[in-house]
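Visitor: Hi! I'd like to walk through this protein with you, starting with the basics. Could you set up the terms before we get to the loops?

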Amino acid sequence: MRYITAGESHGPQLTAIIEGIPSNLPFSFDEINKQLHRRQKGHGRGRRMQIEKDTVQVVSGVRHGYTTGAPVTLVVENNDWTHWQKIMSATPVPEEDEARRRVSRPRPGHADLNGAIKYHQRDMRNILERSSARETTMRVAVGAVARQLLSQFGIRVAGHVKQIGQVVAQERELSLDELMQITEDSPVRCIDPDAEKKMMELIDRAKEEGDSLGGIVEVIVEGVPIGLGSHVQWDRKLDARLAQAIMSIQAFKGVEIGIGFEAAGLPGSQVHDEIEWTEGKGYSRKTNRAGGLEGSMTTGMPIVVRGVMKPIPTLYKPLMSVDIDTKEPFAATIERSDSCAVPAASVVAEAVIAWEIARAMCEKFPSDALDDMVANVEEYRAYTERF
Ligand SMILES: Cc1cc2nc3c(=O)[nH]c(=O)nc-3n(C[C@H](O)[C@H](O)[C@H](O)COP(=O)(O)O)c2cc1C
């Protein structure tokens with residue numbers, strides 16, 4: 001399975017083409033729209049998310065509610081495009097900056113300057129329109145399709161916000177259902193009510209001060225069979241692929257699996273998970289410090305992945321930059337911006353992990369049609385219990 005996305009932040013639409021989804025998968029538009037809506041929410045988001053009401057259109061690969069096996073093309077239109085038609089026109093417009101909203105002052109922390117130099121663009125709008133995290137709309141849409149495939153095998157993906165700025169949520173023993181319910185009701189997708197309140201206050205303060213905040217999100221996947229991924233080749237290692245998926249989200253700068261960086265300071269006896277076997281259940285681990293992955297393959301325990309998001313780089317109290325025309329110092333250009341997008345990013349993180357797990361499932365159980373794949377997974381699960 002593979003996908004690519006296309007589209008600019010203020011262009012007419014965002015597009016994703018997915019190839020390799022087995023045929024006959026029941027396809028729910030509502031499920032995709034639900035996920036798109038989740039991405040748009042969250043305390044700390046800017047005005048753009050009030051303008052957009054993301055709704056998916058499917059223009060290929062699905063017929064009468066089921067996938068056909070052909071490439072699936074998803075489209076989300078940008079409502080804001082109506083205000084940007086001339087600025088983002090594919091055909092030439094007059095040279096003056098006003099018509100083009102040309103950007104000559106790169107924003108620190110963005111792709112603006114590096115991209116402009118690399119792609120020979122004196123107007124950095126040609127870079128920032130594509131590097132914008134508006135693209136994550138399509139990651140969430142693609143992830144929602146992946147979730148529909150995973151649900152056929154009882155695999156579920158959830159996420160939550162562990163930290164915003166200096167505020168860290170307390171751990172809680174929760175089932176996945178409980179976690180999902182609490183985070184859906186939380187404006188910052190946090191399971192700890194005290195931390196939630198502090199996070200919201202911190203975001204409000206950062207906004208007032210023209211500043212921004214980053215944080216940590218955690219994604220949990222339950223119901224995965226043993227043995228997704230592989231130890232035999234570097235690019236088949238599932239932990240590495242999950243890390244890439246997280247790092248591919250705009251503004252993500254670090255990844256942990258299981259206890260992650262904490263393992264560096266602990267003896268082996270407190271890091272590795274003892275193996276046990278029980279009748280009717282088969283193999284499992286007494287603990288899950290490895291976060292569901294050993295030897296780059298799934299252990300059958302829940303997968304636990306965390307990602308670190310840097311603070312949003314567009315600041316209403318802008319950092320200094322250099323105008324590429326005059327080489328004079330200037331305050332960086334301000335594009336309309338979120339002050340904290342960690343809650344939304346946790347939804348994106350769920351989506352990219354869902355995609356990668358779905359891809360690993362299709363590699364382990366390759367089938368053109370869903371019923372073959374379901375039969376293969378069932379047989380394999382019975383085999384792992386007997387093993
Ligand atoms: C969901 C989400 C929303 C974001 N919203 C904004 C925003 O409104 N303004 C902004 O400057 N950056 C925003 N970012 C971050 C930038 O896209 C990111 O910092 C930039 O693309 C550079 O990322 P990089 O350092 O990983 O290359 C957002 C990121 C995510 C994941």
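Guide: Happy to. Helices and strands here are DSSP runs, numbered from the N terminus: a helix is H or I with at least four residues, and a strand is E with at least two. With that in hand, Lys327 sits in the loop between β16 (320-322) and β17 (329-331). Please keep in mind that this is a predicted model.

Visitor: Okay, what about the phi of Lys327?

Guide: Lys327 is not a glycine, yet its phi is positive, at about 65 degrees. Most residues other than glycine have a negative phi.

Visitor: And is Lys327 buried or exposed?

Guide: Lys327 counts as exposed, because its relative accessibility is 58% and the cut-off for exposed is over 50%.

Visitor: Which loop holds Arg189, and what is its phi?

Guide: Arg189 is placed in the loop between α8 (176-185) and α9 (193-208). Its phi is near 55 degrees, a positive value in a residue other than glycine.

Visitor: Is Arg189 buried or exposed?

Guide: Arg189 counts as buried, since its relative accessibility is 4% and buried means under 20%.

Visitor: Switching topic: how many disulfides are there?

Guide: The count comes to 0 disulfides. Cys190 is in no disulfide, and the nearest cysteine sulfur, that of Cys340, is 12 Å away. Cys340 is in no disulfide either, with the sulfur of Cys190 as its nearest cysteine sulfur, 12 Å away. A disulfide would need the two sulfur atoms within 2.5 Å.

Visitor: Are those cysteines buried or exposed?

Guide: Cys190 is buried, with a relative accessible area of 1%. Cys340 also counts as buried, at 1% relative accessibility.

Visitor: Let's zoom out. How many helices and strands does the protein have?

Guide: The protein has 12 helices and 17 strands.

Visitor: What radius of gyration does the protein have, and what would a compact globule have?

Guide: The protein has 22 Å, and a compact globule with 387 residues would have a radius of gyration near 21 Å, so the two agree. Along its principal axes, the C-alpha trace spans about 75 × 50 × 40 Å.

Visitor: What share of the residues is buried?

Guide: Buried residues make up 48% of the 387 residues. As for the surface, the protein exposes about 19000 Å², with carbon and sulfur atoms supplying 52% of it.

Visitor: How many positive and negative side chains are there?

Guide: There are 48 positive and 55 negative side chains, and the centres of the two sets lie 3 Å apart.

Visitor: And what about contacts along the chain?

Guide: Counting contacts with a separation of 6 or more, 70% are between residues 24 or more positions apart.

Visitor: Can you give me a residue to click on? Where is Ile32?

Guide: Ile32 is in helix α1 (residues 29-40), and it counts as buried at 0% relative accessibility. Leaving aside neighbours within four places in sequence, its contacts include Phe27, Val56, Leu74 and Gln148. For a distance to check, the C-alpha atoms of Ile32 and Ile259 are separated by 31 Å, and the two are 227 residues apart along the chain.

Visitor: One last residue: where is Tyr383?

Guide: Tyr383 is found in helix α12 (residues 370-386). Tyr383 is partly exposed, with a relative accessible area of 37%. Its C-alpha atom is separated by 9.8 Å from that of Gly282, 101 residues apart along the chain.

How values were computed:
Residues are numbered from 1 along each chain as its sequence is written. This is a predicted model: local features need pLDDT of at least 70, side-chain atom pairs count only at pLDDT 80 or more; totals for chains, interfaces and linings use all residues. Side-chain values use heavy atoms; hydrogens and water are left out. Buried means under 20% relative accessible area, exposed over 50%, partly exposed in between (1.4 Å probe, protein chains only). The radius of gyration is taken over C-alpha atoms; the globule rule is 2.2 Å times the number of residues to the power 0.38. Contact means heavy atoms within 4.5 Å. Accessible areas come from the Shrake-Rupley method with a 1.4 Å probe; for residues, only the protein chains shown count as cover. Lys and Arg count as positive and Asp and Glu as negative; His and the chain ends are not counted. The place of a charge is taken as NZ of Lys, CZ of Arg, CG of Asp or CD of Glu.
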